[in-house]
Amino acid sequence: MNTDVIIVGAELDAFIASIRLQELGYTSRILANGKGSYLYSSGNIKVLDFKENNNSGKKALSFFIEGLPSEHPYKLIGKDNVKQAIEWFFNHQISNKLRYKYFETNSFTISPIGLKIPSYGLYFNQINFENIYNKDITIIKFQNQKDFHAELIAQSIKQYVNTIEILNVVQPDTNQHPDSSSLAISFDNLSSPENYFFNINKKINKKTSVVIFPAVLGLNKYIEIIRSAEKTLSKKCFEAPTLPPSIPGIRLNKILEREVLKKNYIHRGSHILKANIENNKCLSVVDNFKRIIKARAFIFANGGILMGGIKVKSNGAIVEEIFNSKIKNNNHTKCEKSYETLNALQTSGVITDSKLKPISNSNNQLENVFFTGRNLSNWNPSLELSGEGVSIASGWYSANNISSYLNN
Amino acid sequence: MIINSYQPSSEDILKSMDNCTKCGICNSYCPVSNVTNQFPGPKYSGPQSQRFRSLEDLVEISPELCNGCGVCMSVCPNEVAITDIITHAKSNLNNKNKKISFIQTLLNRPDTIGKLGNIFPTLSNFILHNNFFRYLASQFFHLDSNAPLPSFHGKKFKKFLEKIKIDSNKTNIIYFSGCAVDNYDSEVGIAAIKVMSYLGYNVIANTDLCCSLPMLSSGEWDAAINRSKKLLNSLTRSLDFAENIISTSTSCSLTIKKKYSAYLNFTDPKSTQISQSTKDICEYIVEKHRDFLAKRMKAIDKKIFYHGPCQLQSHGIGQPVVELLRLIPKISLSLSEADCCGIGGTYGYVKGRNEISELIGKSLSEQIKFHKPDVILCDSETCRWNIEKNSGIETLHPIQIILESLNV
Amino acid sequence: MFKNNKNMPKIIVIGGGATGCGVARDLVLRGYQTTLIEFGDLGSGTTSRFHGMLQSGARYVVSDTSYAAECFRERESISKIAPEAVELIGGLFISLPNDPEDYPEKFIKCCEIAKIPCREIQIDEVLKKEKELSNNILRAFQVPDAIINPWKLVNLLAKDIKTNGGEVLTNHKVVSIKQHNNLVKSVEVIEKNGFKKILECDCIINASGPWSSKIAKLVDQEVELQLTKGSVMVFSHRIVSQVINRCRIPSSNDIMCPSGTVCLWGTTSEIVNDPDTTEIRPEEIQELLIGAEELFPKIKNYRSFRAWAGVRPLVKPKNFDKNIPLPRSHSVIDHDENGLKNFFTVCGGSLTTHRSMAEDVVNKLGNKLGIKTPCSTDTIPISNSKNTNWIPSSYFQKIENQKNFNDVVCECEAITKTDIEEIMKNENLSDFHDIRRRIRVGFGPCQGTFCNSRLAEIVVNHKNDIDIKKSILNFWSERLKGSMRTSYGDQAKQILLSDYIHQENFGLRLTAENSEKDDIRT
């Protein structure tokens with residue numbers, strides 16, 4: 001099929017790698033086993049934990065990386081590469097489509113239960129904690145809407161704001177959809193958003209200066225819609241996330257797929273069952289239709305244990321089944337407390353060299369295979385809040401490495 | 001586990017309910033639950049309900065509204081065979097009380113209707129497209145008056161087949177024409193045969209056979225068993241002469257590839273051989289003849305819009321049509337971002353369900369209006385008829401444009 | 001029957017498991033003024049950590065035939081008086097090639113003696129119905145095993161106790177018991193909020209299961225117990241349609257028991273000293289899997305989403321010989337033998353025999369006090385239901401009938417917002433675990449990944465003075481505890497997803513400090 005690189009998985013790293021490879025002049029094919037874990041992230045791009053704006057904004061990421069252990073993926077990739085990758089992402093047109101704004105350190109947004117959560121960049125009108133301090137807030141809840149926890153959010157942010165009210169409003173579609181995706185589509189179908197917001201305006205507390213909507217204001221047209229809201233209501237309008245998988249993640253998914261499909265291909269519902277190896281080179285992979293797909297290099301961006309790239313057996317063994325790679329197994333079965341078990345599982349993963357190439361259990365190293373994202377070991381995305389950062393950095397970096405490899 | 005099996009059996013399918021982590025990604029992408037509250041979504045009707053179905057007989061209505069598009073299965077990161085689980089629940093093999101409505105019984109037999117209609121095609125077409133008839137059919141047979149009906153083409157395809165000469169120097173390939181080509185879309189079959197002949201094949205057409213997908217999708221499984229056995233027997237004999245079977249319908253080829261084992265448990269070696277020898281025509285051409293064609297395609301002065309049908313995603317083959325079209329010099333090609341056109345095979349023909357189809361198809365209609373193409377391409381028949389009816393723009397099978405570009 | 005008769009003696013029952021609730025119910029029906037005291041929530045001790053069976057007794061029919069006969073009688077009674085907690089699914093006793101060959105014949109004979117209906121079934125018939133069983137099985141015997149929902153049982157009992165004038169005090173810890181002149185006088189209890197109370201009594205029945213020794217020590221009495229910990233693995237759907245037992249002398253890894261929408265496999269068996277033991281060692285899981293593999297060859301590929309351990313008490317007789325297994329039947333100790341005139345302990349037995357245990361001790365109490373009222377607990381139904389059995393899919397069927405899919409909060413168990421609000425109102429509940437135990441929120445394979453915050457949103461709507469974030473974290477941490485040991489395969493994915501949701505997405509933080517719980521028993 002004349003593809004340069006096969007990318008197995010549907011994670012953010014998979015798309016980043018494909019897009020970067022295209023920039024460098026290489027074709028790729030994403031063999032996606034479903035959608036990626038970034039859909040659970042509510043549109044947040046988490047890069048560097050809860051670190052605030054200390055040590056002068058420009059150096060926050062460097063400082064963070066310097067403080068990490070040497071086996072951490074950020075360290076393997078290298079501080080400069082990580083910074084370059086993150087900047088590349090935020091300057092790329094995929095970020096521009098979503099109007100991600102970033103400040104080279106964390107911004108803080110609100111989680112679905114109202115807690116402060118960092119994000120390295122915020123998409124267009126994503127609620128920023130700074131927007132709510134001492135303000136008069138209205139949280140909009142749509143009638144019949146499930147999975148938007150207005151009460152929990154209100155209870156959490158109460159202490160930071162001046163006044164807060166929750167307003168129940170009727171949905172634009174008479175069907176009164178309960179779930180986020182149908183709500184978002186019904187907003188896209190609105191022929192006149194202004195009329196809809198005009199009717200809401202009558203009910204909002206006059207004192208309110210900030211209106212927080214659930215993040216369902218359209219899948220495709222949300223920039224239009226939220227602008228229309230701000231114009232009609234004459235107040236600042238923001239989106240706060242619903243329970244995942246939430247719409248901001250789906251918007252990002254659409255943009256990523258559109259970008260890849262411009263020149264490359266995505267095989268949806270594709271599962272790789274084995275690989276064909278010869279002389280320390282992977283020649284092809286075989287999918288669940290017995291199709292043999294050849295390429296010159298391979299990236300495995302299939303999400304570690306969470307998304308199926310790595311499996312945990314009933315006796316506690318952790319395995320990577322395609323290449324039988326060496327695994328860092330942190331013995332989660334021996335842990336006493338649940339938070340230890342979680343950490344042990346999260347930090348387990350494939351052991352790679354500094355180019356992100358895995359080493360097999362028989363100590364062979366394949367020259368053209370790379371692992372990225374949650375497949376990697378020695379990092380805990382949920383404690384460090386660095387999930388998307390490692391995805392972007394490892395995806396970008398492995399694409400660069402492949403480019404060097406193929407050039408030789 | 002379903003993933004380890006190339007031909008998962010119905011037991012594998014139902015057991016895959018255990019893989020579900022309730023992530024909800026399937027619900028976010030389901031075209032049906034995104035437009036109507038009547039359908040609770042694939043997660044609910046699939047793995048969730050299955051846990052209760054295995055306890056005792058339930059009286060359910062929710063599975064009926066699934067349109068079988070398979071999008072949920074292709075976005076699921078955990079290999080849950082969601083669509084298949086829901087379709088199992090519709091089956092009349094398990095539910096002795098299941099009633100197949102009269103209209104569904106008719107729709108399940110497109111080959112029979114086709115044969116009858118083609119005795120006097122002009123008369124049949126007149127009746128079929130007559131407003132009064134449509135009104136009567138809607139009142140008494142529950143055939144929705146909006147349903148996109150094709151035209152009978154007489155025995156055009158058969159007559160074309162009679163004129164083909166066999167060249168014993170060429171490789172044989174089997175073309176499973178299917179009900180649509182046999183009775184309504186002769187041009188598609190003719191184009192397919194011309195292209196394959198150009199590529200150096202003797203095309204042996206297996207006509208007058210039905211893959212039984214409408215029966216499988218609607219739950220009329222007892223009848224489906226006989227019908228599919230008939231097809232498999234015929235194709236087994238054909239495989240004595242050829243290695244591969246190609247089809248111009250992504251729905252039919254998917255059924256043969258995966259659904260006989262998943263629904264009817266046809267996991268014997270003969271059925272498996274047929275399943276693994278069957279390919280979609282564009283899938284086949286890309287795999288074997290891409291480079292040959294790359295030098296021979298001529299420019300086409302038409303704005304093209306391609307909609308990959310929902311079934312295509314379940315094939316896991318990426319976008320072979322797009323790969324072929326991109327070989328055409330200076331091609332003006334825009335891609336549909338809609339997952340489903342709404343018609344769902346025979347789903348949208350039934351009175352009461354057509355409204356849902358219309359709502360689903362809205363996004364696609366808007367995209368078409370935006371791109372203003374000269375011709376629309378789609379590789380599944382009822383989708384083509386649906387799109388052409390709604391857009392008023394000529395809608396062809398991609399192989400017809402390929403033929404045009406080859407100037408044969 | 002004397003109801004609310006102020007002349008009747010005041011009895012305090014300590015322990016709110018099946019036994020304690022059974023005793024309290026027997027007492028109120030005989031007219032006693034009754035107060036039931038329970039440390040946590042009803043059934044949160046051994047009762048909820050049992051194996052799921054309302055057994056026919058066939059398990060013990062060879063090793064303890066009279067106990068087996070009692071079990072069968074009780075199984076019949078309970079299914080009549082509390083049908084909505086019981087599902088009559090039947091059971092099979094299966095012989096495998098390496099089982100003692102002479103056991104089946106003994107089994108059949110003893111079933112006859114104990115009057116337990118038993119008939120042999122053809123192997124191919126069994127394999128047709130139970131497709132997961134190994135093809136190697138040799139013989140199979142059908143017996144009338146049933147399964148029971150323990151929370152439903154204790155809650156029905158508690159409701160009946162209250163309806164008949166008794167008092168049920170949950171979340172009350174017994175601090176001390178005052179005695180004078182060889183008679184117990186009162187019990188001092190403390191509530192969760194620190195509020196202390198003194199309850200006067202004429203008599204105490206100690207039905208606190210594995211904690212019986214600790215309670216007895218409060219009055220300087222000895223109750224020597226053998227505490228056996230048994231671990232159970234939960235498989236995420238009904239692998240079999242009836243209870244599957246090994247046809248051999250009762251030992252570990254013997255039973256696969258459907259329970260609601262899941263299947264319970266167990267148990268291991270290990271002597272412990274601490275009645276609060278709930279930890280499961282990873283070796284136990286491997287032992288359980290190897291044991292299950294003999295009956296179910298593909299078991300290691302299935303999803304197990306939880307494991308728990310329960311401590312089963314048996315009373316050690318005076319001349320305890322380590323080498324002879326203790327009889328399974330219950331013991332009633334009248335502590336008058338040791339100088340305390342109005343203190344009884346009832347212990348041992350099983351959930352199946354809880355009613356007859358209660359009858360025994362209340363009879364003995366009555367004889368002592370000269371109150372001749374007979375027991376009526378086996379004839380008067382516990383609830384006024386229309387005699388329909390426990391239908392695990394009833395919640396789901398209700399949603400299908402009413403088409404209110406959009407109201408669903410706990411997707412795994414088909415629990416709606418309406419169901420939760422109703423339970424919260426009727427019983428004035430706001431603790432997530434109390435709600436969970438009654439209505440199964442968070443019981444399913446996802447172990448509260450999504451329903452946790454949905455439940456929180458409902459609770460905070462009704463009661464906005466609780467630390468809701470602590471509740472969310474607490475609920476999640478408790479659910480994790482049970483999943484830890486079975487975090488392989490799909491369950492590993494599930495707990496990482498729940499970690500993503502709670503820590504990576506919500507911003508909560510699970511630490512050593514906040515994953516420690518005040519009350520271990522939930």
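What follows is a short exchange on the chain contact and one sheet of a predicted model.

Residues are numbered from 1 along each chain as written, and chains are lettered from A in the order written. Local features need pLDDT of at least 70, side-chain atom pairs count only at pLDDT 80 or more, and totals for chains, interfaces and linings use all residues.

User: What makes residues of chain A and chain B count as in contact?

Analyst: Their C-beta atoms, placed from the backbone, must lie within 7 Å. By that rule, 33 residues of chain A are in contact with 34 residues of chain B.

User: Which elements of chain A give two or more residues to that side?

Analyst: Helix 7 (180-188), helix 10 (247-261) and strand 9 (265-268) of chain A. Helices (H or I, at least four residues) and strands (E, at least two) are DSSP runs, numbered from the N terminus.

User: How do the residues on this side of chain A divide by class?

Analyst: Into 11 nonpolar, 14 polar and eight charged. Asp, Glu, Lys and Arg count as charged; Ala, Val, Leu, Ile, Met, Phe, Trp, Tyr, Cys and Pro as nonpolar; the others, Gly among them, as polar.

User: Why are strand 10 and strand 11 of chain A called paired?

Analyst: Pairing takes at least two DSSP bridges between two strands. Strand 10 and strand 11 (residues 281-287) of chain A have six bridges, in the antiparallel sense. So they count as paired. A:Glu278 stands opposite A:Lys281 in strand 11.

User: What makes strand 10 and strand 12 of chain A edge strands?

Analyst: The open sheet has the order 10-11-12. Strand 10 (272-278) and strand 12 (292-294) each have a single partner strand, so one side of each lacks a neighbour in the sheet.

Conventions: Contact = placed C-beta atoms within 7 Å.
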